[in-house]
Amino acid sequence: MIEPREPLVCITGGWASASGLERDLELTDADFARIRELIYRRAGIVLAEHKREMVYSRLAKRLRHHGLTRFGDYLARLERQPEAREWEAFTNALTTNLTAFFREAHHFPLLAEHLRGRTGPVRIWSAAASTGEEPYSIAMTLAETLGPRAQPARVIGTDIDTDALARARAGVYPLEQVHKLEEARVKRFFQKGTGRQAGLARVRPDIRAMVEFESLNLLAPGWALKGPFDAIFCRNVMIYFDKETQARILERFAPLLKPDGLLFAGHSENFSYITRAFRLRGQTVYTLASRT
């Protein structure tokens, strides 16, 4: 395994790491430091030292797209054009999208219990929607729990990665991913592709109609979406932010929740020591601290 921050040495025809892995693009220590600073300012993502190889492999495609051979030239181009669309591609490249249907499955029965019997409009926010599996899992839970009353419900799925959101809106997934679900759910909520779509499955129209996808940067000074929400899912995204950024985002979540609303966190996230706005209710589930 290549150690982080290893030096690059010049070889004929390209660049190589000290371990001998040949590279055709030049990434210096200073370039890597600039990338870490830029993605932190842009999206709040804290890139660890050991992410250097990941950064190289993901951004190398952008350099080749523009016919560049040095990361320094690519970064200079970005910094000269703060409103350029390439910033979107830069951010998308460095965003991690690890998700699955009904991931962290214990959250969904809790959500069902929380919403069962409600008569008013239900609104839920998936704040790290990625390629759509989480918001669609929420919509399926609403359909199972509320029956016909689920149709007016709305799930808002947001993410900073516009490429991931495009896949989410399509709602098309490999069959092997869908077949990990219970057979009853597959039959009820998916359409199996045929012909050129063989091997794929699409979320059924009634479930897709319950979900709206929007691009949103959690670090943006203003959020276009409005509350109140019955629940906010912000799972496995806070781990990419530092404590100060986490606290700011959590403070902004609080006024968007209904008084009895739930905030769902990821399995490795603990918000209890970050903000006083929320208190722990159960395993990675929070409620507003002011609730009596």
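This tour moves through a predicted model, selecting a few residues and elements at each stop.

**Stop 1: helix H5**

Begin by selecting residues 107-115, which form helix H5. Colour the residues of H5 that are buried, namely His107, Phe108, Leu111, Ala112, His114 and Leu115. Turn the view to look down the axis of H5: these buried residues fall within an arc of 160°, so they line one face of the helix. Next, display what covers them; the cover includes the strands E4, E10, E11, E12 and E13, together with helix H6. Just after H5, select Gly117, whose phi is positive, at about 90°.

**Stop 2: the packing of H5 and H6**

Two packed helices are described by the angle between their axes and the distance between the axes. Keep H5 in view and add helix H6, residues 133-146. The two axes lie 10 Å apart and form an angle of about 45°. This angle makes H5 oblique to H6. The crossing of H5 past H6 is right-handed.

Which residues meet between H5 and H6? From H5, select Phe108, Leu111, Ala112 and Leu115. From H6, select their counterparts Ser137, Ile138, Thr141, Leu142, Thr145 and Leu146. Phe108, Leu111, Ala112 and Leu115 also belong to the buried residues of H5.

**Stop 3: helix H11**

Move to helix H11, residues 243-253, and select its buried residues Thr245, Gln246, Ile249, Leu250 and Phe253. Viewed down the axis of H11, they fall within an arc of 130°, so they line one face of the helix. To see what covers this face, display helix H1 and the strands E4 (123-126), E10 (229-233), E11 (257-264) and E12 (278-282), which are among the covering elements. E4, E10, E11 and E12 were also part of the cover over the buried residues of H5.

**Stop 4: salt bridges**

The structure holds 16 salt bridges. Select Arg52 and Asp29, whose side chains meet in one of them, with an N to O distance of 2.6 Å. This pair links distant parts of the chain: Arg52 belongs to helix H2 (residues 52-65) and Asp29 to helix H1 (residues 29-43), 23 residues apart. Are the two partners buried or partly exposed? Arg52 has 2% relative accessibility and therefore counts as buried, whereas Asp29, at 32%, counts as partly exposed.

Now select Glu86 and Arg62, which form a second salt bridge to inspect, at 2.8 Å from N to O. Here too distant parts of the chain are linked, since Glu86 is in helix H4 (residues 86-93) and Arg62 is in H2, 24 residues apart. Glu86 counts as buried because its relative accessibility is 13%.

Continue to Arg185 and Glu182, where the closest N and O atoms of the salt bridge are 3.4 Å apart. Arg185 is buried at 18% relative accessibility, while Glu182 is partly exposed at 46%. Salt bridges with shared partners also join Arg118, Asp230, Lys258 and Asp260 into one network, so these four may be selected together.

**Stop 5: backbone features in the loops**

Most residues other than glycine have a negative phi, and most peptide bonds are trans. The next selections depart from that pattern.

In the loop between H4 and H5, select Glu104. Its phi is positive, near 55°. Glu104 is buried, with a relative accessible area of 13%.

In the loop between E10 and H11, select Asn236. The phi of Asn236 is likewise positive, near 60°. Asn236 counts as buried, at 14% relative accessibility.

Which form does the peptide bond from Gly227 to Pro228 take, cis or trans? The bond is cis, with omega near 0°. Pro228 lies in the loop between strand E9 (211-215) and E10.

**Stop 6: Ala289**

Finish by selecting Ala289, in the segment after strand E13 (285-288). Ala289 is partly exposed, with a relative accessible area of 34%. Leaving aside neighbours within four places in sequence, the contacts of Ala289 are Arg276, Ala277, Phe278 and Arg279. For a final distance, select Gly132, which is 157 residues from Ala289 along the chain; the C-alpha atoms of the two are separated by 30 Å.

How values were computed: Residues numbered from 1 in each chain as written. Predicted model: local features only at pLDDT ≥ 70, side-chain atom pairs only at ≥ 80, totals over all residues. Heavy atoms only, no water. Helix = DSSP H or I, 4+ residues; strand = E, 2+ residues; numbered from the N terminus. Buried < 20%, exposed > 50% of the residue type's maximum accessible area, 1.4 Å probe, protein only. Contact = heavy atoms within 4.5 Å. Arc of directions from axis to C-beta. Axes fitted to C-alpha atoms, helices over the stretch in contact; angles between N-to-C directions. Parallel < 35°, antiparallel > 145°, perpendicular 65-115°, else oblique. Left-handed = near helix turned anticlockwise from the far one by under 90°.
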